[in-house]
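The exercises below are meant to be worked through with the sequence and the coordinates side by side. Try each task before reading the solution that follows it.

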Protein chains: 2
Amino acid sequence: MPSLGQTMLGEEGIIQRYFAPLAAGYPGAHGLRDDAAVVAPPPGHDLVVTVDAVAAGVHFFPDDTPADIGWKALAVNVSDLVAKGATPHAYVMSLAFPEPPSADWLAGFASGLAEAQAAFGLHLIGGDTDRRSGPVAITITAFGFVPTGAMCRRGAARAGDIIFVSGTLGDSALGLRVRGGQAEVAAWGLSDDHRAHLVARYLRPLPRVALAPVLIAHACAAMDISDGLLKDLGRMAAASGVGATVQLDELPLSAAARYVLRTDLATWRDIAAGGDDYEVLACVAPERAALFLAAAKAVGVEVQAIGRVNAGRSLELLDRVGQPVQYVQMGYDHF
Amino acid sequence: MPSLGQTMLGEEGIIQRYFAPLAAGYPGAHGLRDDAAVVAPPPGHDLVVTVDAVAAGVHFFPDDTPADIGWKALAVNVSDLVAKGATPHAYVMSLAFPEPPSADWLAGFASGLAEAQAAFGLHLIGGDTDRRSGPVAITITAFGFVPTGAMCRRGAARAGDIIFVSGTLGDSALGLRVRGGQAEVAAWGLSDDHRAHLVARYLRPLPRVALAPVLIAHACAAMDISDGLLKDLGRMAAASGVGATVQLDELPLSAAARYVLRTDLATWRDIAAGGDDYEVLACVAPERAALFLAAAKAVGVEVQAIGRVNAGRSLELLDRVGQPVQYVQMGYDHF
């Protein structure tokens, strides 16, 4: 975060100028002038709660635009809600800054949050701002609603289920390499459009909000893909006590990712295990697969069958002729 | 945090070994094995939400015991809930570590959280763990319940209300100076008991959970005192559009704080503005004051009238003979 300057506003001034407008549409936020917010789930609904932090140098580049940082901080939380079948509703945010942020940075950050709020349908309702050493960090706790008892679980996949993913995989992991200016990227020979597509997917994840009710209606199990398909599918299989077979050839790819994969076959690992996809991974009983596909299409979200749940305990990857592909466990672990 | 060692457990291993036991009593936490938790307020109740982060070197000493750190991280959030009249229910926690914490540190930290959970009546239901540079930081979002529409507001004090505080003030601010080993502290000539009392109040805040329903029944306005009485009362007065007069002589003091004040008169500023009290500040209509006092006594919480709300716009401090005391604005601001 370059050129931080003293804002002279103080903590409460910052909250009122930059963040209170993000809470204006939510009565229970009390204009961010109280010590707590009030949330009332509608009758017949549970509140779904998730928390995710992003920090400069770990989850985003310190010189990403503040609007992109704001968008991403909220989007990664909305992704968790949506994959649980929850309709996004509200969030609280805890900010840590090593130095007082500049007015420009705060204005840009708030504008990115405002864009994401409008896109995903939720409101800021409370927060906390601290100054401490270390990277800029944004911790968001997000709330959504599901019909009582209906939250899509990670551990409820059953042998025979068809494994679906939304959107396309790997764009964000490839976009990260483009954004980071890695040497190999030049050899990919990307067009400007492809570069822009991949970087945008990294900077501005697009959780599939419209898919939430479709998951509630048709999925046995669901979670978001944030640490790479293979790692997250492995978690889902372990939590469900099942195995899974994935047809690598069926992974949905954007035109840009297909182009990269053609010139650099090793990027299949970025696609299958690179992380930051923020797409939905869902298991659907075979007899409901057609309904699930039709309902997803009706809400405008692409979903693709990529494999099957089985009664084993392992995760098997098959190439286009059905041969097992060797791989070592991949994906991001903080420790 | 001294002598961090590699735990070899990985993020999920850490969660399952140290934190899942803290969630065992709450079905909606799904054993911390899912991506989100489920909360269902009882019929006729709102969910109250608050978020507060604590960081090493800012809110606690890096070499405080991990059990004390865990206790405090949760207690400061419970304090906000209680002052809003909410009965504590559940919390999610986001952890940031610059290095993998040692098994001993994690075990101690979890034990402090477990003690605080038992004392305050709430459960861990979800979380997030990241590794990044900077201090150890713990961000907690806590949830409580109030009867629908009944949350105690900061901005609802009215001219004529009597201003009450719970417990005693200043112990924590004085305890911080003792804990920090400041040179002036030697001159206070404290007994071991008094030292221990003050430091314990700093390390282990005791939010007045039993007072929550009393506030709902009798208070016009309430908030917790975390940044010093004068700053927080100033906020309450500003939010309510009123003024306030405080009798400094009426501030409730522990035996230890009285002893310090006798030898070092300048410590009245620590007492009135030092922060970290985590007591309740409440405004009660005069006709309900006797009921409030009786109800507080019935639940075993000491409360003390310290002044009056008035129709002005300023905060006036009076000494024991009714003379105004000059002071400059004090209390903690992060920016």
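**Exercise 1. A lysine in a helix**

Is K231(B) buried or exposed? Decide from its relative accessible area, and then place the residue in its chain.

Solution. Begin by keeping in mind that this is a predicted model. The relative accessible area of K231(B) is 9%, and the cut-off for buried is under 20%, so K231(B) counts as buried. Next, locate the residue: K231(B) belongs to helix 8 of chain B, which covers residues 229-240. Finally, look across the chain, where A273(B), 42 residues away in sequence, has its C-alpha atom 6.8 Å from that of K231(B).

**Exercise 2. How far the model can be trusted**

State what the predictor reports for the complex and for chain A, and find the stretch of chain A where pLDDT stays under 50.

Solution. For the complex, the predictor gives an ipTM of 0.93 and a pTM of 0.94. For chain A, the mean pLDDT is 94, and 95% of the residues reach 70 or more. The stretch asked for is residues 1-7 of chain A, where pLDDT stays under 50 although the model has 20 contacts there beyond four places in sequence. Where pLDDT is low, the predicted coordinates should not be read in detail, so those contacts of residues 1-7 of chain A call for caution.

**Exercise 3. The nonpolar core and F19(B)**

Find the residues with the most contacts inside the largest nonpolar core, and follow the surroundings of one of them.

Solution. The largest nonpolar core has 147 residues, and F19(A) and F19(B) have the most contacts inside it. Apart from that core lies another, of 41 residues, which includes L198(B), Y202(B), V242(B) and L315(B). Turning to F19(B), its partners beyond four places in sequence include I14(B), L32(B), M93(B), L106(B), F109(B) and L124(B).

Now take L124(B), which lies in strand 4 of chain B, residues 123-131. With a relative accessible area of 2%, L124(B) is buried. L124(B) and F19(B) are 105 residues apart in sequence, yet their C-alpha atoms are 7.9 Å apart. Besides F19(B), L124(B) touches other residues, among them L22(B), A29(B), L32(B), Y91(B) and Q117(B). As a general background, nonpolar side chains in soluble globular proteins tend to be buried together.

**Exercise 4. Two unusual backbone angles**

Which sign does phi take in H30(B) and in L32(B), and where do these residues lie?

Solution. Phi of H30(B) is near 50 degrees, a positive value, and phi of L32(B) is near 55 degrees, also positive. Neither residue is a glycine, and most residues other than glycine have a negative phi. H30(B) is in the loop between helix 1 (10-23) and strand 1 (37-39) of chain B, and L32(B) is found in the loop between helix 1 and strand 1 of chain B. As for accessibility, H30(B) is buried at 17%, and L32(B) is buried at 15%.

**Exercise 5. Packing of two helices**

Describe how helix 2 and helix 3 of chain A pack, and what kinds of residue make the contact.

Solution. Helix 2 (residues 66-83) and helix 3 (residues 103-120) of chain A pack at an angle of about 35 degrees, and their axes are 6 Å apart. The crossing of these two helices of chain A is right-handed. On the side of helix 2, the contact includes I69(A), G70(A), W71(A) and L74(A), while helix 3 contributes residues including W105(A), G108(A), F109(A) and G112(A). Sorting the contact residues of helix 2 and helix 3 of chain A gives 13 nonpolar, 5 polar and 1 charged.

**Exercise 6. A leucine in chain A**

What is the relative accessible area of L174(A), and which residues does L174(A) touch?

Solution. L174(A) sits in helix 4 of chain A, residues 171-179. Its relative accessible area is 0%, so L174(A) is buried. Beyond four places in sequence, L174(A) touches W188(A), L198(A), A257(A), V260(A), T267(A), D270(A) and I271(A).

Technical notes. Residues numbered from 1 in each chain as written. Chains lettered and ligands numbered in written order. Predicted model: local features only at pLDDT ≥ 70, side-chain atom pairs only at ≥ 80, totals over all residues. Heavy atoms only, no water. Core = buried A, V, L, I, M, F, W, Y, C linked by side-chain atoms within 4.5 Å. Buried < 20%, exposed > 50% of the residue type's maximum accessible area, 1.4 Å probe, protein only. Contact = heavy atoms within 4.5 Å. pLDDT = per-residue confidence, 0-100. Axes fitted to C-alpha atoms, helices over the stretch in contact; angles between N-to-C directions. Helix = DSSP H or I, 4+ residues; strand = E, 2+ residues; numbered from the N terminus. Left-handed = near helix turned anticlockwise from the far one by under 90°. Nonpolar A, V, L, I, M, F, W, Y, C, P; charged D, E, K, R; others polar.
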